[in-house]
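Colleague: I've just opened this one and I'm finding my way around. Can we go through it together, one question at a time?

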Amino acid sequence: MFVDSVVIMLQAGKGGDGAVSFLREAFRPKGGPDGGDGGDGGSVILKVTPGRNSLNDLASKKSYKAEPGQPGGNRNMSGRKGKDVTLEVPPGTLVYRQNSGELVCDLTENHATFVVAKGGKGGRGNSKFAHALNQAPRMAEKGTAGDEGKFRFELKLIAEVGLVGLPNAGKSTFLSRVTRATPRVASYPFTTLTPHLGVAQLGEGRELVLADIPGLIEGASSGKGLGDAFLRHVERTGMLLHLIDGAAPEVGGPEPLEAYRTIRAELESYAGGGLATKPELVALNKVDALDPEEAARRAAELSAAIGKPVYPISGVSGAGCKELLDLLDRERHSTGVDPWDVS
Ligand SMILES: Nc1nc2c(ncn2[C@@H]2O[C@H](COP(=O)(O)OP(=O)(O)OP(=O)(O)O)[C@@H](O)[C@H]2O)c(=O)[nH]1
Ligand SMILES: [Mg+2]
């Protein structure tokens, strides 16, 4: 199970009440007020943790609760502050209030922390209320309630390049060829059921983050196959790498142009918007399975039909992969797209 959307109840701790107390000592029958302050309630804090790719851990519980603050004591003893609860979330997590739909935070920066439900304030004890006219106040403040409610967590993975293509196009094979990611590869459609991230090393410390998105089919935007819910993870990618199985016609699969158009139609009808206008590089994959002339002919034919360059590659032999990564890197710089900057 891959969880990228979940509603969770969060409850910060209530502040501890202030105390009403008077100093009582032998030989000092009329001591002053000495009620201490209540401790602040604990907060629910989110912490962005790199390496996490899903909300699975978070979704293992339906609610999280921080500790209340302890009440104040006598002798001006303050109550202990309630312990915070810290929840780790992946970069790319958005949090909304379930009732109002209000966006609470959009966490993109690694290691950032955010107080999503703030603990209540501790109340002041009666010693704080003493003044010239009332030296023995019998009142103290109550602690205030902590913030609480239902929050909807939504994950939109942050990758620079989103890999799109029909099932079996070779997206996972390509990802495992150019990164250290180890997605499952198999000859049946929908091998990949959840998005995967991989980081390609381009040399000189440069990196490119790629997301392998489960295969789309015609009608995905209306729920066919795995549907298009995973496309939300492409919303934030700077650009798309569209992989097309160049050898599919050999085994009764679609012609490259048909495959291309199917995916473009799904990108265009995706309700999240903006996918169809992202910069896109198109690669004709599996050219190792064709003779080189045929591969070149199919790439040229597709290129002429869609009016943009088509790069012949093979995720299995590695042909063209390095060059393609360099092109993606250059494209990233020319578009000035910085997926880490989502402002
Ligand atoms: N000959 C050849 N076969 C390939 C190449 N890339 C992938 N394949 C094969 O194509 C099949 C599908 O590959 P995957 O990488 O799982 O394809 P995918 O696009 O991730 O598929 P889904 O996850 O199902 O959407 C597997 O049998 C692969 O071995 C390639 O470059 N050349
Ligand atoms: Mg796959």
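Colleague: Let's start with a residue I clicked on. Which residues does Leu210 touch, leaving out those up to four places away in sequence?

Modeller: Keep in mind that this is a predicted model. Contact here goes by C-beta atoms within 7 Å. Leaving out residues up to four places away in sequence, Leu210 touches Ala159, Val161, Leu163, Leu175, Thr179, Gly198 and Ala200.

Colleague: And which residues have the most contacts inside the largest nonpolar core?

Modeller: That core has 65 residues. Strand 12, residues 239–245, gives the most to it, with five residues. The ones with the most contacts inside the core are Val161, Leu163, Leu210 and Ile244.

Colleague: Where does this core lie with respect to domain 1 and domain 2?

Modeller: The domain assignment gives domain 1 as 1–155 and domain 2 as 161–335. Both of them give residues to the core, so it lies between domain 1 and domain 2.

Colleague: How far apart are the C-alpha centres of the two domains?

Modeller: The C-alpha atoms of the chain fill a box of roughly 105 × 45 × 30 Å along the principal axes. For a compact globule of 343 residues you'd expect a radius of gyration near 20 Å, but this chain has 29 Å. As for the C-alpha centres of domain 1 and domain 2, they lie apart by 47 Å.

Colleague: Now the open sheet of six strands: which are its edge strands?

Modeller: The order is 10-11-9-12-13-14, with mixed pairing. From one strand to the next, the twist averages 30°. Pairing on one side only marks the edges, and that applies to strand 10 (196–203) and strand 14 (310–312).

Colleague: What is the bridge partner of Ala283 in strand 14?

Modeller: Strand 13 covers residues 280–285 and pairs with strand 14 in the parallel sense, over three bridges. In strand 14, the partner of Ala283 is Tyr311.

Colleague: Helix 1 and helix 2 both pack on the sheet. Which strands does helix 2 touch?

Modeller: Take helix 1 (residues 171–178) to begin with: it touches strands 9, 10, 11, 12 and 13, and its direction makes about 160° with that of strand 11. Helix 2 (residues 256–269) makes about 145° with the direction of strand 12. The strands helix 2 touches are strand 9, strand 12 and strand 13.

Colleague: Last one: what share of the residues counts as buried?

Modeller: To count as buried, a residue needs 20 or more other C-beta atoms within 10 Å of its own. Of the 343 residues in the chain, the share that passes is 43%.

Definitions and conventions: Residues numbered from 1 in each chain as written. Chains lettered and ligands numbered in written order. Predicted model: local features only at pLDDT ≥ 70, side-chain atom pairs only at ≥ 80, totals over all residues. Domains from an automatic or database assignment. Rg over C-alpha atoms; globule rule 2.2 N^0.38 Å. Buried ≥ 20, exposed ≤ 12 C-beta atoms within 10 Å, placed from the backbone. Core = buried A, V, L, I, M, F, W, Y, C linked by C-beta atoms within 7 Å. Helix = DSSP H or I, 4+ residues; strand = E, 2+ residues; numbered from the N terminus. Contact = placed C-beta atoms within 7 Å. Pairing = 2+ DSSP bridges. Axes fitted to C-alpha atoms, helices over the stretch in contact; angles between N-to-C directions.
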